[in-house]
Amino acid sequence: MMDAVDRVQAIEDLLNESLKPEFLQVEDESHLHVGHAGARDGRGHFRVSMVSAAFNDMPVLARHRAIYAALGDLMSSDIHALAIEATASDEL
């Protein structure tokens, strides 16, 4: 399991590589969930805000699935919760 800084970098790297965002912000919100049952195993809580042409003509649920797929094993090894704001570039 990675530390918080490495987790944010890993999330950014995976999303940049697979979804080529025009804007990407990843925030570690784990400190807001200290004591939460899901945080006891050491995995983190993160917020992703992202704009990508990859989301053009894609429904919201499919955008979330694309992000989960891009993050792969991190979803089970390092991420407990992920809040997502996924915007298509043609919506701006």
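The following dialogue works through how a predicted model is described.

Student: What makes this chain as compact as a globular protein of its length?

Tutor: Begin with its make-up: the protein chain has three helices and three strands, in the order α-β-β-α-α-β from the N terminus. Its radius of gyration is 13 Å, close to the 12 Å that the globule rule gives for 92 residues, so the chain is as compact as a globular protein of that length. The C-alpha trace spans about 40 × 20 × 20 Å along its principal axes.

Student: Why are strand 1 and strand 3 said to stand at the edges?

Tutor: The three strands form an open sheet in the order 1-2-3. Strand 1 and strand 3 each have a single partner strand, so one side of each is left without a neighbour in the sheet. The twist from one strand to the next averages 10°.

Student: Why is the pairing called mixed?

Tutor: Two strands count as paired when there are at least two bridges between them. Strand 1 (residues 23-28) and strand 2 are joined by six bridges and run antiparallel; Phe 23, for example, has Val 51 as its bridge partner in strand 2. Strand 2 and strand 3 (residues 79-88) are joined by nine bridges and run parallel, with Leu 82 of strand 3 as the bridge partner of Phe 46. With one antiparallel pair and one parallel pair, the pairing is mixed.

Student: How do you know that strand 2 is largely enclosed by the rest of the structure?

Tutor: A residue is buried when its relative accessible area is under 20%. Eight of the nine residues of strand 2 (residues 44-52) are buried, so the strand is largely enclosed. In the protein chain, buried residues make up 36% of the 92 residues.

Student: Which helices lie against the sheet, and how do you know?

Tutor: Helix 1 lies across strand 1, strand 2 and strand 3, at about 30° to strand 2. Helix 2 packs on the sheet by touching strand 2 and strand 3, and its direction makes about 130° with that of strand 3.

Student: What puts Leu 82 among the residues that touch the most other members of the largest nonpolar core?

Tutor: Core members are buried and joined through side-chain atoms within 4.5 Å. Of the 19 residues in this core, Ile 11, Leu 15, Ile 67 and Leu 82 touch the most other members. Helix 1 (4-19), strand 2, helix 2 (60-71) and strand 3 each supply at least two of its residues. Leaving aside neighbours within four places in sequence, Leu 82 is in contact with Phe 46, Val 48, Ile 67, Tyr 68, Leu 71 and Met 75.

Terms used: Residues numbered from 1 in each chain as written. Predicted model: local features only at pLDDT ≥ 70, side-chain atom pairs only at ≥ 80, totals over all residues. Heavy atoms only, no water. Buried < 20%, exposed > 50% of the residue type's maximum accessible area, 1.4 Å probe, protein only. Helix = DSSP H or I, 4+ residues; strand = E, 2+ residues; numbered from the N terminus. Contact = heavy atoms within 4.5 Å. Rg over C-alpha atoms; globule rule 2.2 N^0.38 Å. Axes fitted to C-alpha atoms, helices over the stretch in contact; angles between N-to-C directions.
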